[in-house]
Amino acid sequence: MNIVLVGLSHKTAPLAMRERLAFGESQLVDALSRLVDQKTVDEGLIVSTCNRVELIASTPAGAERGLECLADFLRDFHHLTPDALNGHLYKHADTGAIKHLFRVASSLDSMVVGESQILGQVKDAYQQAINAGTIGRVLSQLMHRALSVAKRIRTETGVAQNPVSVSSVSVELARKIFGDLSDKTVLLVGAGEVAELAARSLIEAGTSKLIVTNRTAERAEDIASKFSGGAVNFEAFYDVLPSADIVICSTGAPDYIIRPPETKRALKSRKKGPVLFIDISVPRNIDPGLSALENAFLFDIDDLDSIISTNLRERESEARQAESIIDAEVEHFVEHLRSLDIGPAVVEVKELLSQIVISEFRRNRKRLGVLSPEQEAAIEEVVIPALVNKISHPMIVHIRNAAREGKPTQMMDELRKMIRID
Amino acid sequence: MDILWIIILLGYAVCVAQSIFALTTKRPVMRRTALATLALALGAHTAWLLLRGVRTGRFPLIGTQEMTAFLAWGLVLSTLIAYRWYHANALKAFIFPIVLVLAAIAAISPDPEGQTREFSNTLQSILLPAHVGLLLLAYSSFFVAFGAGVMYIIQERELRHKRFGTIFYKLPSLDTCDAISSRAMAIGFVLMTLGIVGGLWYSYSRYHVYWQAGPLEIFSVVTWLLYLVIIQSRINAGWGGRAAALASILSFIIVICSLVGVRYLGHAF
């Protein structure tokens, strides 16, 4: 039994190719069943996101044939020419495949290390494969382990700790100032795309109210209705400033539109604690002098960028620690898999032993004289199995140990020889 | 030294080390161990107070040892309540060092077991410990407000400097610090008011005067007014943020300085 993995990601293939090879939600069930229809594949799973496509399978036909089969399947399913994928695919078998999957699920292979989406996507892929009936003993154990390794890495290392996008940094800053965001109001000044994203993240993080203002009123109303917020006249936004807890500014204005004197008045009249100002416009729209005001916290795009790059460096150094966790977990799982493989060997040893005992019993049956049917049954059903279990136990322990070290076949051959000596 | 004190001191020392360590490292460290040690130490601490009370047949609130022990106990309790309400783990790092110091003072203080007061009636024997106990609990509450104020100032500094160290991620939000501070101050104020009323009543019941204009009494009233003004401005003027945090820090420092001053310059309790 081998575990094989074939795939491509943002590291090996351009977007156009990833698009071409992605499996849409509607195709997935069909693809999964076609994948395991082949004799070389017992169990299969497909992870398909905008950054990667991964085919994972367990195969009885040997690693090499398994890998070939997955690559062919990928090509055939998407109707590609034989060498279209050259240089873009990576292929991993057994330890390599397990390690790759663990790294992917733990978001160590992601474009932004530590991002949290991939874990959900891997979970979904697993669920879909379960629904399609293409998951068996091997892949279910592999996936369970992959998900738990991912969780372990998220909690034990800092790879996913500090935010690394403008939106998530904004949310983090808001949380560090306000804690609970549920009664907070966001004021969006200007309607740039990044600002809209940041507003969306804040709303998802629980802020209760959104006010939008923009030079072109339609755009403001557009965004406001999207998030069920309210739009206000651009000239009048200073009137709503006191009610805002978080102000995100991104207009195309060439100079400062939020200045200290007006802001100071607004802060005074609001009679509440701090206000977070986020200025993502270039050139800046909020006067940097604002940060001298009490209870005003101003972050411009440079501040956000420097926070992001510090956090990215932090994540990378944490990723190194995560790698060593992965290595240990892979080793652990490989051992576990090997000890799973001894099932048939255990049956075989017991079978061989009981054959010997039963035949000896029958051969010498006459010497035992008259036995009641109960006694006869007791010998066959209790005494002989107990004897076989007792004798085989140390052998099975031995096989299991050999399996952990990766040499179960060798051990079995020797055992067969030993048992057959009669 | 009593075996209980050894348990108490060791337990609090572990908590101090863990809480400071947890504040400066990224991953949570030994949280469970620290919690278990804290439970053990607090149990021993409570047991010591109870035993002392049973042995002397009165509330254990007389003399330096008993009062510092009780104050430390109140501090641990207030911190745990603040933790339960706001999940502000970081607060422990700001309060437990003082708990440890107080516990150490109590542990090495002379142990005047026989120290007692003569009361002419049972009312007095309840009023005096109620007065002292309530005031000590009020101070521990004010200390929590102080700790939260310090956290606010540190967190604000991190935000202003835009360079986020580990501590930034470990401290609670500004609003949470503010909320802890204002609630602790309000609770402390109520306790202090009750404590002062208890003191006046005791004074009347014992000496038939409410007010003797001693330094301690004047000081108590001044502190009470100070906190009244701060709380009033918080509620009515919507005063919050940095100024309020500074106020909670400064007012506590003033309280401590005058308490020490009164103790060494004027009468004892």
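**Group meeting: a strand pair, a helix and an interface**

Hi everyone, let's open with one pair of residues: Ser48(A) sits opposite Val53(A) of strand β3(A). Keep in mind that this is a predicted model.

That pair belongs to a hairpin formed by β2(A) and β3(A), with 3 residues between the two strands. They pair in the antiparallel sense, over 6 bridges. Now, how many of the residues of β2(A) are buried? The strand covers residues 43-48, and 6 of its 6 residues are buried. Glu43(A), Leu45(A) and Val47(A) point one way, while Gly44(A), Ile46(A) and Ser48(A) point the other. For background, side chains in a regular strand alternate between the two faces of the sheet.

On to helix α3(A), residues 63-77. With 15 residues at 1.5 Å a residue, α3 of chain A should span 21 Å, and its end C-alpha atoms are indeed 21 Å apart, so the two agree. Its buried residues are Gly66(A), Leu67(A), Cys69(A), Leu70(A), Phe73(A) and Leu74(A). They cover an arc of only 160 degrees around the axis, so they lie on the same side of α3(A). What covers them? Among the elements doing so are β1, α1, α2, β3 and β4 of chain A, so to speak our hairpin partner β3(A) is back. After the helix comes His79(A), with a positive phi near 55 degrees.

Last stop, the interface: 17 residues of chain A are in contact with 17 residues of chain B. On the chain A side, α7, β10 and α12 each supply at least two residues, and α7(A) gives the largest share, 4 residues. That side divides into 6 nonpolar, 4 polar and 7 charged residues. Thanks, everyone!

Key
Residues numbered from 1 in each chain as written. Chains lettered and ligands numbered in written order. Predicted model: local features only at pLDDT ≥ 70, side-chain atom pairs only at ≥ 80, totals over all residues. Contact = placed C-beta atoms within 7 Å. Nonpolar A, V, L, I, M, F, W, Y, C, P; charged D, E, K, R; others polar. Expected span 1.5 Å × (residues − 1). Buried ≥ 20, exposed ≤ 12 C-beta atoms within 10 Å, placed from the backbone. Arc of directions from axis to C-beta. Pairing = 2+ DSSP bridges.
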